[in-house]
Amino acid sequence: MKEYFNKPFALYLFLIPLIVLESYAQNLEEVSQEIGLIYEDRTQVGGGVAFFDYDNDGFDDLYITGGVARDRLYHNNGNGSFEEVGLEAGLIKTQNHVTFGVATGDLNNDGLRDIIVTTSGTSPNLLFQNKGDGTFVEIGKITGLTEIAKSFSASLGDVNQDGFLDIYIANHLRYPNYLYDDDFNVIGFNHECYENFFYINDGTGKFVNQAIDFGVNNNGCSFVSLFTDYDGDNDLDLYVVNDFGEWIKPNAFYINNGPDEPCTDVADLSGTEAKIYGMGVASGDYDEDGDLDLYLTNMGRNLLLNNQGNGMYSDVTELAGVENTYAKDNLPATGWGTGFFDFDNDTYLDLFVANGGFYIPDNHPMQNSLRDSDKLYRNRRDGTFEDISVLEHVADSSRGNGFAYSDFDNDGDLDFIVTVLNTDPDSEDHILFYKNNASDQGGNWLNVKLEGVRNNLDGFGSKVRAYVDGRTFIREVSGGGASFLSQHSSKIHFGLGEYNRIDSLEIIWLGGKRQVFYDISTNQNLTIAEEQIITSISPEDKPASYLNGYGGNDRTLFIEYNLPGTSFAEVELYDLSGKVIFKSFERLEKGSGRKTIRPRTIHSGLHLLKISTYNEVKVFKTLIR
């Protein structure tokens with residue numbers, strides 16, 4: 001244990017408030033009305049939110065489920081504001097469903113993010129296919145999503161590593177059953193729960209529910225799930241978080257034994273069983289020891305499970321100071337959406353919890369507070385956290401539920417959103433959107449977007465490690481579903497404090513293939529494609545040469561450039577198997593320009609475009625129509 005903890009306890013309590021008050025600078029500002037966000041949900045469950053770039057313009061857009069109201073799609077205008085485009089985008093069908101959770105991913109490998117929306121149990125879940133023109137079409141039933149349950153969250157991951165994303169659906173209560181004492185007071189639960197669904201993507205646009213085949217048809221009244229690499233073998237394992245864990249089924253941790261083998265539940269052996277009212281889960285290396293830890297939200301005491309690096313987890317919640325057990329009225333707090341993220345760009349992962357009680361009759365065993373405020377815990381850099389919710393003005397007590405984060409304005413710090421069910425029936429439910437100003441206060445940063453080629457195109461399941469001055473920061477690209485009903489941005493964010501360069505950046509793709517890039521400049525938004533040779537050209541290193549290539553209509557390729565002098569470029573087009581299907585040498589004149597190339601006999605679809613000049617090589621994922 002570090003020397004810090006050996007100081008007298010009374011001194012510890014006295015000193016910390018002084019340090020915080022003297023040195024703390026507020027970063028967050030609630031701006032939902034200013035940027036045009038509204039929200040309505042009367043299901044008393046709370047809305048799911050997802051950050052994703054549906055139109056590939058480089059800015060994260062925002063999807064919000066509406067419960068009994070229509071879902072909303074907010075287009076990011078790129079100037080710090082959003083515009084609601086749900087009707088034009090074709091989401092009117094959600095008005096006829098009760099929608100809960102949302103997850104997004106490129107399910108058919110066409111370079112566009114599709115949307116999964118979970119429903120209440122009166123209809124199958126919804127799959128909205130992205131048409132690439134700003135609109136979506138619902139195709140759930142015709143692709144095989146035909147089962148009906150009370151579905152809460154969806155998680156996306158390529159479990160069999162065939163390059164196509166599979167879908168896990170967490171299902172909840174089917175029929176309620178209660179346990180009573182001799183005076184007919186409720187003392188426990190014996191609910192009947194729906195089995196969870198696991199849809200395998202066959203690569204032809206069809207999904208087959210193979211939950212039984214894989215042994216993951218959990219029926220423990222699940223709320224959320226998380227695809228993650230538990231055992232470090234570069235495939236996706238599955239953590240399932242269950243409600244009523246003390247009474248029905250605790251959480252499960254399923255190990256992936258291969259594409260054709262049933263999974264093995266190791267929750268009991270690993271210390272992750274957690275017999276709680278599980279609501280959400282966060283994954284992150286908060287203690288910087290090279291492995292991913294878990295934080296679980298609950299009604300009452302939350303759990304911080306520290307990964308010991310040997311397949312075992314240890315409960316360190318009290319030591320870390322993140323129990324979140326009681327609200328100010330001494331009734332249990334209820335945590336929902338959650339996430340580890342470095343909100344202040346100081347290199348250490350912080351933690352957020354959206355809190356919100358629900359109405360329960362008196363003398364019921366699930367009595368909880370309706371006024372438990374949201375929590376923002378700042379990482380103290382020694383394995384413990386401090387509650388800075390009040391200092392950051394995020395201690396809202398209006399029943400927060402869904403939660404997700406994103407650098408929506410690409411300025412280098414993570415902003416976040418909370419959906420709120422107001423405790424006053426005469427008031428409207430609303431959104432809390434916190435704009436972050438941490439990058440204005442000098443902390444360096446790096447954003448990384450992965451683009452798979454042989455892997456799934458979103459890079460879900462891949463890991464990114466940044467090596468800086470002897471330290472290692474690790475992130476895993478998640479396919480959503482872990483934060484209650486919600487999905488964080490899949491762009492990887494590193495807060496880097498005073499570091500202005502990264503010694504090396506390592507990408508570990510799902511399946512184990514690695515790419516390493518050296519001497520990376522900070523304060524940039526980086527896109528890395530699988531098998532890419534160069535990620536970017538730093539302006540301070542090579543200011544004269546910039547290239548851009550993409551596919552157009554009628555089998556046309558374009559190269560846009562800005563060169564200090566006339567140069568020749570080698571242009572190569574590859575199919576996804578790595579075969580060269582076109583090659584040419586092109587003369588690029590000095591200055592800015594655009595070169596048009598019209599290869600013959602090339603089929604439409606996704607390709608790799610490689611462009612080489614005398615001092616630069618770039619590879620682009622290119623969709624030819």
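1. Cys263 is buried in this predicted model, and because burial is assigned to residues under 20% relative accessible area, its value of 18% places Cys263 within that class. Cys263 is also among the residues in contact with Phe214 once the neighbours of Phe214 within four places in sequence are left aside.

2. Phe214 lies in helix H4 and counts as buried, its relative accessibility being 5%. Beyond its neighbours within four places in sequence, Phe214 is in contact with Val159, Phe198 and Ile200, and also with Gly258, Pro259, Glu261, Pro262 and Cys263. For one of these partners, Gly258, which stands 44 residues from Phe214 along the chain, the separation of the two C-alpha atoms is 9.7 Å.

3. The structure holds one disulfide, and this bond joins Cys193 to Cys221 with an S to S distance of 2.1 Å. The pair links distant parts of the chain, 28 residues apart: Cys193 sits in strand E15, which covers residues 192-193, whereas Cys221 belongs to the loop between helix H4 (211-214) and strand E18 (222-228).

4. As to the geometry of the bridge, the torsion about the S-S bond of Cys193 and Cys221 is about -90 degrees, and the disulfide is therefore left-handed.

5. On accessibility, Cys193 is buried with a relative accessible area of 8%, while Cys221, at 0%, is likewise buried.

Conventions
Residues are numbered from 1 along each chain as its sequence is written. This is a predicted model: local features need pLDDT of at least 70, side-chain atom pairs count only at pLDDT 80 or more; totals for chains, interfaces and linings use all residues. Side-chain values use heavy atoms; hydrogens and water are left out. A disulfide is a pair of cysteine sulfur atoms within 2.5 Å. Helices (H or I, at least four residues) and strands (E, at least two) are DSSP runs, numbered from the N terminus. Buried means under 20% relative accessible area, exposed over 50%, partly exposed in between (1.4 Å probe, protein chains only). Contact means heavy atoms within 4.5 Å.
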